Structure formats: structure tokens, C-alpha cells
Amino acid sequence: METVYYIAVILVCFHGECTRFESAPYSRDIGIINCTKQLEHVFVNQVGPFYDKIIDFTVDTPEDINITYASCDIAK
């Protein structure tokens, strides 16, 4: 039997350029509450630091950042 893994995925677009961020795979379905915690972890530890390096708040606005997808998906 094939093992099913789950990952938290966030797709963020900034000025039309999109970047996908993922959690480490985990082997059991954790439900919506824990999925939300996984997404928060990915946002804080991957998305935030990535964009901290490229956003210039004297030019860019929060509207320039668009989270187009955030979910816990199955990865085989």
C-alpha cells in the first residue's frame, strides 16, 4: 500500500511573481485546526523571512502581496 503524505502549502504572489511555500511532509491527516497551525508555521518561518528580504515598504504596499492559495494537500 502506498503511503500518503500531507503538506501545508501557501502560494504567494508579489507584483505578479508567485512563490510556493511548503511544510515538511507528515504522514497523517491532522484536521483543520492543526492544518491551520501548519499554515501559520509555514507563513511565519518561510513566507515572512522570504519577503522581509525583498519588500521595500517605502515603495511597496500590503496590497502588492496576494496569498492566492493556502491549504493542506496530499502529496504521494
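**Note on a predicted β-β-α-β model**

1. Asp64 is partly exposed, with a relative accessible area of 22%. Buried would require a value under 20%, so at 22% Asp64 does not qualify. Keep in mind that this is a predicted model. Asp64 sits in the loop between H1 and E3. Beyond four places in sequence, Asp64 touches Cys13, Phe14 and His15. Asp64 and Cys13 are 51 residues apart along the chain, yet their C-alpha atoms are separated by 8.0 Å.

2. Take Cys13 next. Is Cys13 buried or exposed? Cys13 is buried, because its relative accessible area is 11% and the limit for that class is under 20%. Its place is in strand E1. Leaving aside residues up to four places away in sequence, Cys13 is in touch with Cys18, Asp64, Ile65, Asn66 and Thr68. Ile67 is 54 residues from Cys13 along the chain, with 6.3 Å between the two C-alpha atoms. The contact with Asp64 thus appears from both ends: in the list for Cys13 and in the list for Asp64.

3. His15 deserves a look at the backbone. This residue is not a glycine, but its phi is positive, at about 55°. His15 lies in the loop between E1 and E2. Its relative accessible area is 52%, so His15 counts as exposed, the cut-off being over 50%. His15 is also one of the residues touched by Asp64.

4. Now the overall layout. The protein has one helix and three strands. Along the sequence the order is β-β-α-β. The C-alpha trace spans about 50 × 20 × 20 Å along its principal axes. Among contacts with a separation of 6 or more, 60% link residues 24 or more positions apart.

5. Which residues make up the largest nonpolar core? It has 11 residues: Ala8, Ile10, Val12, Phe14, Phe21, Cys35, Leu39, Val42, Val47, Tyr51 and Ile55. Two elements give two or more residues to this core, strand E1 (5-14) and helix H1 (31-52). H1 gives the most, with five residues. As a general point, nonpolar side chains in soluble globular proteins tend to be buried together.

6. Ile10 is a core member worth following. Not counting residues up to four places away in sequence, Ile10 touches Thr19, Arg20, Phe21, Leu39, Val42, Phe43, Val47, Ile67, Tyr69 and Ala70. Phe21, Leu39, Val42 and Val47, among these contacts, are listed in the core too.

7. Helix H1 also carries residues outside the buried class. Val44 has its place in H1. Is Val44 buried or exposed? Val44 counts as exposed, because its relative accessibility is 57% and the threshold is over 50%. Val44 and Asn66 are 22 residues apart in sequence; from C-alpha to C-alpha they are 16 Å apart. Asn45 lies in H1 as well. Asn45 is partly exposed, at 44% relative accessible area. Its C-alpha atom is separated by 15 Å from that of Cys35, 10 residues away along the chain.

8. Surface and charge. Of the 76 residues, 28% count as buried. The protein exposes about 5,400 Å², and carbon and sulfur atoms supply 56% of that area. There are 5 positive and 11 negative charges. Their mean positions lie 13 Å apart.

9. Confidence. The average pLDDT is 90, and 97% of the residues score at least 70. Where is confidence lowest, and where is it highest? The lowest mean, 92, belongs to strand E3 (residues 65-75), and the highest, 96, to strand E2 (residues 17-22). The usual caution applies: where pLDDT is low, the predicted coordinates should not be read in detail.

Methods. Residues are numbered from 1 along each chain as its sequence is written. This is a predicted model: local features need pLDDT of at least 70, side-chain atom pairs count only at pLDDT 80 or more; totals for chains, interfaces and linings use all residues. Side-chain values use heavy atoms; hydrogens and water are left out. A nonpolar core is a set of buried Ala, Val, Leu, Ile, Met, Phe, Trp, Tyr and Cys residues joined through side-chain atoms within 4.5 Å. Buried means under 20% relative accessible area, exposed over 50%, partly exposed in between (1.4 Å probe, protein chains only). Helices (H or I, at least four residues) and strands (E, at least two) are DSSP runs, numbered from the N terminus. Contact means heavy atoms within 4.5 Å. Accessible areas come from the Shrake-Rupley method with a 1.4 Å probe; for residues, only the protein chains shown count as cover. Lys and Arg count as positive and Asp and Glu as negative; His and the chain ends are not counted. The place of a charge is taken as NZ of Lys, CZ of Arg, CG of Asp or CD of Glu. pLDDT is the predictor's confidence in each residue, from 0 to 100.
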